[in-house]
Amino acid sequence: MSEVLNRPSDVLFGMSLDPLTLDQVVDLADDALRLRRQLLVGVVNAAKVVKLRSDAFLRDSLLTCDVLLADGQSVVWASRLLGHPLPERVAGIDLFESLLDLADHDGHRVFFLGARPDVLARLERLVAQRWPRLEIAGSRDGYFDDSDSAEVAAAIKASGADMLFLGMTTPAKEIFLGTYGHHLGVPVLHGVGGSFDVLAGVTKRAPRAWQSCGMEWAYRLLQEPRRLAGRYLVTNTAFLRLVAGERRHPSPPYLASHDRSGESDHG
């Protein structure tokens with residue numbers, strides 16, 4: 001998958017997932033920062049595993065990642081059932097906070113992209129209080145047209161950021177990173193999804209007990225039943241069907257249908 005890793009990855013659902021712990025990913029990020037070498041981090045959960053089967057653009061964007069991690073306990077359980085056990089779930093928000101710890105320790109510059117303007121402002125205030133030694137190189141809310149994406153990418157490149165965090169939904173964050181990530185000059189790039197809202201205190205994360213038993217999705221469902229009930233029913237059913245299919249006929253590794261990064265092999 002990447003020159004960054006000198007270890008094999010495990011093919012699950014046609015994607016090469018890296019068997020890494022949270023601490024190992026942070027160590028890779030530290031190395032990338034020291035060497036000024038890119039580490040583009042991608043994550044998958046059950047919903048994304050289902051979606052990438054039919055969304056070639058999302059799939060291609062994930063194939064450009066330097067590391068691809070399981071951000072869903074259901075994916076970790078499936079990996080064990082399918083004979084390619086991953087060591088642990090690396091939740092996007094846990095990695096987000098650990099990378100902010102690293103940035104604070106070493107005085108790195110970070111850029112935040114995504115969320116509503118008011119959420120982004122709350123996030124920046126909290127980060128400045130909790131991680132006072134890092135520098136916020138810049139920020140931009142996630143409400144911009146596709147036609148503005150190149151301008152947003154140029155602003156990130158000009159900021160001189162060491163880390164870029166994208167608080168955007170799937171597949172928007174994967175598409176942005178897959179399209180522009182290799183041209184930003186930012187060593188560490190991580191799409192954190194709804195973590196901006198959680199860290200800013202806009203939404204509440206599930207308690208540890210819910211997380212450890214793989215029920216974080218159910219906690220979110222209790223908070224927004226009308227919006228999420230149909231989505232989770234369809235997605236969870238489809239994921240279970242995929243796991244059953246993988247046991248009988250494992251999917252071969254996906255290959256990128258086209259190349260947006262200028263490199264010839266991402267698979």
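Is Glu-174 buried or exposed, and what is its relative accessible area? Glu-174 is buried, with a relative accessible area of 7%. The residue sits in helix α8, which covers residues 172-180. Setting aside neighbours within four places in sequence, Glu-174 is in contact with Lys-48, Leu-58, Ser-61, Leu-62 and Thr-169. With that residue as a starting point, let us walk through the rest of the chain.

## The model as a whole

Please keep in mind that this is a predicted model. The mean pLDDT of the chain is 88, and 88% of the residues reach 70 or more. Residues 259-267 fall below 50 in pLDDT, and this stretch has 16 contacts in the model beyond near neighbours in sequence. Where pLDDT is low, the predicted coordinates should not be read in detail.

The chain contains 12 helices and eight strands. Of its 267 residues, 51% count as buried. Among contacts with a separation of 6 or more, 76% join residues 24 or more positions apart.

## The sheet

Six of the strands make an open sheet, and its order is β4-β3-β8-β7-β5-β6 with parallel pairing. At the edges lie β4 and β6 (135-140), each of which pairs on one side only. From one strand to the next, the twist averages 20°.

Helix α7, residues 149-159, packs on this sheet and touches β5, β6 and β7. The direction of α7 makes about 165° with that of β5.

Strand β5 runs over residues 109-114 and pairs with β6 in the parallel sense over five bridges. Within that pairing, Arg-109 has Glu-135 of β6 as its bridge partner, and Phe-111 stands opposite Gly-138 in β6. How enclosed is β5 by the rest of the structure? Five of its six residues are buried, so β5 is largely enclosed.

Strand β8 pairs with two strands of the sheet. With β3 it forms a parallel pairing over three bridges, in which Val-41 has His-190 of β8 as its bridge partner. With β7 the pairing is also parallel, over four bridges, and here the bridge partner of Met-163 is Val-188 of β8. Val-188 and His-190 point one way from β8, while Leu-189 and Gly-191 point the other way, and all of them are buried.

## Helix α1 and its two sides

Helix α1 spans residues 22-35, and its length can be checked by simple reasoning. At 1.5 Å a residue, its 14 residues should span 20 Å, and the end C-alpha atoms are indeed 20 Å apart, which agrees.

Which residues of α1 are buried? They are Leu-22, Val-25, Val-26, Leu-28, Ala-29, Ala-32 and Leu-33. These residues cover an arc of only 155° around the axis, which puts them on the same side of α1. An α-helix has 3.6 residues a turn, so residues three or four places apart point the same way. On the other side of α1, Asp-23, Arg-34 and Leu-35 are exposed.

The buried residues of α1 pack against four strands of the sheet and a helix: β3 (39-44), β4 (67-70), β7 (163-167), β8 (188-191) and α5 (92-106). Just after α1, Arg-36 takes a positive phi of about 55°.

## Three buried residues side by side

Glu-174 can be set beside two other buried residues, Asp-10 and Thr-235.

| Residue | Relative accessible area | Element |
|---|---|---|
| Asp-10 | 18% | β1 (residues 10-12) |
| Glu-174 | 7% | α8 (residues 172-180) |
| Thr-235 | 12% | α12 (residues 225-248) |

Since the cut-off for buried is under 20% relative accessible area, Asp-10 counts as buried at 18%. Leaving out residues up to four places away in sequence, Asp-10 touches Met-15, Ser-16, Leu-17, Pro-19, His-84, Pro-85 and Leu-86.

Thr-235, with the same kind of exclusion, touches Ala-46, Ala-47 and Val-50. How many residues apart in sequence are Thr-235 and Ala-47? They are 188 residues apart in sequence and 5.7 Å apart in space, C-alpha to C-alpha.

Key. Residues are numbered from 1 along each chain as its sequence is written. This is a predicted model: local features need pLDDT of at least 70, side-chain atom pairs count only at pLDDT 80 or more; totals for chains, interfaces and linings use all residues. Side-chain values use heavy atoms; hydrogens and water are left out. pLDDT is the predictor's confidence in each residue, from 0 to 100. Contact means heavy atoms within 4.5 Å. The expected span of a helix is 1.5 Å times one less than its number of residues. Buried means under 20% relative accessible area, exposed over 50%, partly exposed in between (1.4 Å probe, protein chains only). The arc is that of the directions from the helix axis to the C-beta atoms. Two strands pair if DSSP finds at least two bridges between them. Axes are lines fitted to C-alpha atoms, for helices over the stretch in contact, and angles run from 0 to 180 degrees between N-to-C directions.
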